[in-house]
Amino acid sequence: MSAAEADGRIYTTDAEKLSVATAEARRGAGAGGIPIGAALFDGEGRLLGSGHNRRVQDGDASMHAETNAFRNAGRQRSYRDTVMVTTLSPCWYCSGLVRQFGIGRVIVGDDRNFLGGQDWLAEHGVEVTVVNDPELVAMMGAFIESNPELWNEDIGEE
């Protein structure tokens with residue numbers, strides 16, 4: 001969803017914000033991809049953009065959910081007061097995006113199935129909130145179990 005498509009609604013709670021990313025993860029899974037979703041919100045809780053992992057659909061190794069949401073949000077003057085919400089702990093690539101642009105907060109839906117660079121982000125001043133939502137943990141766990149080769153490709157494992 002681009003910023004132009006955002007509905008102008010204010011998402012006040014972490015659960016509301018996570019529901020946007022969860023819907024994106026489902027959308028990605030429904031399209032035959034990896035079920036990871038993300039959304040970027042401004043400091044007031046307005047949705048700037050959302051997206052899902054599109055590596056399979058686009059044949060693009062760089063199209064992670066966070067990257068897709070970031071691109072769909074369009075150019076922002078500053079990212080300091082933004083919140084990146086992701087259904088799975090951000091990998092090192094996506095953690096680098098958060099640090100590069102100074103995104104101030106990250107909400108993680110699941111860090112049980114994969115632990116990326118969230119601790120590194122926290123060490124560098126990013127506020128990190130881990131939810132470990134049972135639905136997201138189950139969805140990702142089932143995907144990894146059913147698609148180990150695709151999952152290993154996604155995280156750069158042999």
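**Exercise 1. The largest nonpolar core**

Identify which residues of the largest nonpolar core touch the most other members, and which elements supply the core.

Solution. The model is a predicted one.
- Step 1: the core in question has 26 residues, and those touching the most other members are Leu40, Met84, Ile103, Met140 and Trp151.
- Step 2: at least two residues each come from strand E1, helix H3 (65-73), helix H4 (92-101), strand E4 (105-108) and helix H6.
- Step 3: H3 gives the most to this core, four residues.
- Step 4: take Leu40 and leave out residues up to four places away in sequence; its contacts then include Ala69, Phe70 and Ala73, as well as Tyr79, Met84 and Ile103.
- Step 5: a second core, separate from this one, has 13 residues, among them Val20, Ala25, Phe41 and Leu136.

**Exercise 2. Aromatic pairs**

Classify the pair formed by Tyr11 and Phe41, and place both residues along the chain.

Solution.
- Step 1: there are six aromatic pairs in the structure.
- Step 2: in the pair of Tyr11 and Phe41, the ring centres are 5.3 Å apart and the planes meet at 65°. Planes over 60 degrees apart count as edge-to-face, so the pair of Tyr11 and Phe41 is edge-to-face.
- Step 3: Tyr11 belongs to the segment before helix H1 (14-30) and Phe41 to strand E1 (residues 37-41); the pair links distant parts of the chain, 30 residues apart.
- Step 4: Tyr11 and Phe41 are both buried.
- Step 5: elsewhere, one aromatic cluster is made up of Phe70, Tyr79 and Phe101. A ring also takes part in a charge contact: the charged end of Arg99 sits over Trp120, 5.5 Å from the ring centre.

**Exercise 3. Helix H6**

Describe the span, the N-terminal cap and the buried residues of H6.

Solution.
- Step 1: H6 (residues 134-146) has 13 residues; from first C-alpha to last it reaches 18 Å, close to the 18 Å expected at 1.5 Å a residue.
- Step 2: the N-terminal end is capped by Asp133, with a side-chain oxygen 3.0 Å from the backbone nitrogen of Glu135.
- Step 3: the buried residues in H6 include Leu136, Met140, Phe143 and Ile144.
- Step 4: H1 and helix H7 (148-155) are included in what covers the buried residues of H6.

**Exercise 4. Ala15**

Decide whether Ala15 counts as buried or exposed.

Solution.
- Step 1: Ala15 lies in helix H1.
- Step 2: its relative accessibility is 56%, so Ala15 counts as exposed.
- Step 3: Ala15 and Asp111 are 96 residues apart in sequence, with their C-alpha atoms 16 Å apart in space.

Conventions. Residues are numbered from 1 along each chain as its sequence is written. This is a predicted model: local features need pLDDT of at least 70, side-chain atom pairs count only at pLDDT 80 or more; totals for chains, interfaces and linings use all residues. Side-chain values use heavy atoms; hydrogens and water are left out. Rings of Phe, Tyr and Trp (its six-membered ring) pair if their centres lie within 6.5 Å; planes under 30 degrees apart count as stacked, over 60 as edge-to-face and the rest as tilted. Buried means under 20% relative accessible area, exposed over 50%, partly exposed in between (1.4 Å probe, protein chains only). A charge sits over a ring if NZ of Lys or CZ of Arg is within 6 Å of the ring centre and within 35 degrees of the ring normal. The expected span of a helix is 1.5 Å times one less than its number of residues. Contact means heavy atoms within 4.5 Å. A polar contact is a pair of N or O atoms within 3.5 Å; within protein, one must be able to donate a hydrogen and the other to accept it, and residues adjacent in sequence count only if both atoms are side-chain atoms. A nonpolar core is a set of buried Ala, Val, Leu, Ile, Met, Phe, Trp, Tyr and Cys residues joined through side-chain atoms within 4.5 Å.
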